[in-house]
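Trainee: Please take me through this model, with the reasoning behind each answer.

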Amino acid sequence: MEELPESDGDTYVPVEELVSAEWAALLPYPAFNPAQAAAVPLVREGTGHLVVVAPTGAGKTPIGMVAALDAHARGRKAAWLVPQRSLTDELDRELELWRRQGLRVVRLTGEAVVDTELIRAADVWVATTEKFEAICRAGSLRDALAEVGCLVVDEIHLLGDPARGAVLEALLARVLEESAVTRIVGLSATVANADEVADWLGARLVRTAWRPTRLTWQLPVLPPADWAARAAVRTEAAVRIARDVTADGGSVLVFCGSKRRVRSTALALAADRGVPTAGVDADEAELVERLCTKAGVRLHYRDWPGKREAEHAFRAREADVLVATSTVAADVNLPARAVIVSDTTIGLDRIEVSMV
């Protein structure tokens, strides 16, 4: 990764120049980067709906934090929506500092039963879209919902996703119709439908192209192959690219379209690193995991029990390759030198541009 030029250093703004010292103690870094420094004053200058569009890695989470803190300062609750349960874990960790400072943060997912009174008393809710939508329909919590001053929506561009967009659209339509006091602050990657999302919400669109590193797209031309051989050709290309990147000290994320493709690709990567994998079936998940761990390759998919350990190992650089399905795609912060999209389908469906 390329460091920002030293001449850009003065574009970083000390947090306390834009927010109070009390808020500064609740934010993860002592300075706002250029994207955050441009967005935070717009977040603070009113209560209208906002859609903040910034490249992946530009640091949208602190912008959402400022929006939530602004609602809290006005005596209202904040709710933060993420598209997947796995992402509530990460955000919950990010907000642990808030708990230590006395804010009542409650995580709401379909996995855990949370006391109704605890939900009512919370200052901040962290929830999946589906869980929050269910709460919206619960009569016992309607009065608590009326106290929500800010709804932060991570990955709001997923409104256009054919699989997950419908629930989010229904939820936001209900908020727009029923609450004149709930501000919607959407956080989005750089995608084509951001203007449409902002228009539909009646929101101000805040867009920045700043990113902390240079992004280079490469589209390798693969040799022609029949349908049966395509997976092998893609795996070979992924192995070759991963070899080149990690040889130079980089780390690599490899995205595959199915759990079995994760395991078979991970096996190929391990074999390339000298681990004996001959005769190993990709369906032998535990054996695959043991062999790949020896090679510094970890696996990540929805029902894999070792996925959290795999994330930790990748962050700690105990592993320099993580092979995953889309469960790790939606804003889980795992910095990597290269991201290889090995498959163009998830199951039988083509991968949406928004996911790429």
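**Strands and rings**

Trainee: In which sense do strand 10 and strand 13 pair, and over how many bridges?
Mentor: Strand 10 covers residues 252-255, strands being DSSP runs of E with at least two residues and helices runs of H or I with at least four, each numbered from the N terminus. This is a predicted model, in which local features need pLDDT of at least 70 and side-chain atom pairs count only at pLDDT 80 or more, while totals for chains, interfaces and linings use all residues. Residues are numbered from 1 along each chain as its sequence is written, and side-chain values use heavy atoms, with hydrogens and water left out. Pairing requires at least two DSSP bridges between two strands, and strand 10 and strand 13 pair in the parallel sense over four bridges.

Trainee: Which residue of strand 13 does F255 stand opposite?
Mentor: Strand 10 and strand 13 are parallel partners. Within that pairing, the residue of strand 13 that stands opposite F255 is V341.

Trainee: Which residue of strand 12 does V254 stand opposite?
Mentor: Strand 12, residues 321-324, also pairs with strand 10 in the parallel sense, over four bridges. The residue of strand 12 that stands opposite V254 is V323.

Trainee: Which strands stand at the edges of the open sheet?
Mentor: The open sheet holds four strands in the order 11-12-10-13, with parallel pairing. An edge strand has a single partner strand, so one side of it is left without a neighbour in the sheet, and this applies to strand 11 (297-300) and strand 13.

Trainee: By how many degrees are neighbouring strands of this sheet turned against each other on average?
Mentor: The angle is taken between axes, which are lines fitted to C-alpha atoms, and such angles run from 0 to 180 degrees between N-to-C directions. For neighbouring strands of this sheet, with direction ignored, the average turn is 20 degrees.

Trainee: Which side chains of strand 13 are buried?
Mentor: In a regular strand the side chains alternate between the two faces of the sheet. Strand 13, residues 338-341, shows such alternation, with V339 and V341 pointing to one face and not buried, where buried means under 20% relative accessible area, exposed over 50% and partly exposed in between, for a 1.4 Å probe and protein chains only. On the other face, the buried side chains are those of A338 and I340.

Trainee: Why does the pair of Y12 and W210 count as edge-to-face, and how many degrees lie between the ring planes?
Mentor: The structure holds three aromatic pairs, a pair being Phe, Tyr or Trp (six-membered) rings with centres within 6.5 Å, stacked under 30 degrees between planes, edge-to-face over 60 and tilted for the rest. The ring centres of Y12 and W210 are 6.3 Å apart, and the pair is edge-to-face because the planes stand at 80 degrees.

Trainee: How many residues apart in the chain are Y12 and W210?
Mentor: Y12 lies in the segment before strand 1 (13-14), whereas W210 sits in the loop between strand 9 (204-207) and helix 11 (227-247). Y12 is partly exposed at 31% relative accessible area, while W210 is buried at 17%. The pair thus links distant parts of the chain, and the separation is 198 residues.

Trainee: What is the geometry of the W125 and F132 pair, stacked, tilted or edge-to-face?
Mentor: Both rings belong to buried residues, W125 having a relative accessible area of 0% and F132 a value of 3%. Their centres are 6.0 Å apart with 55 degrees between the planes, and the pair is tilted.
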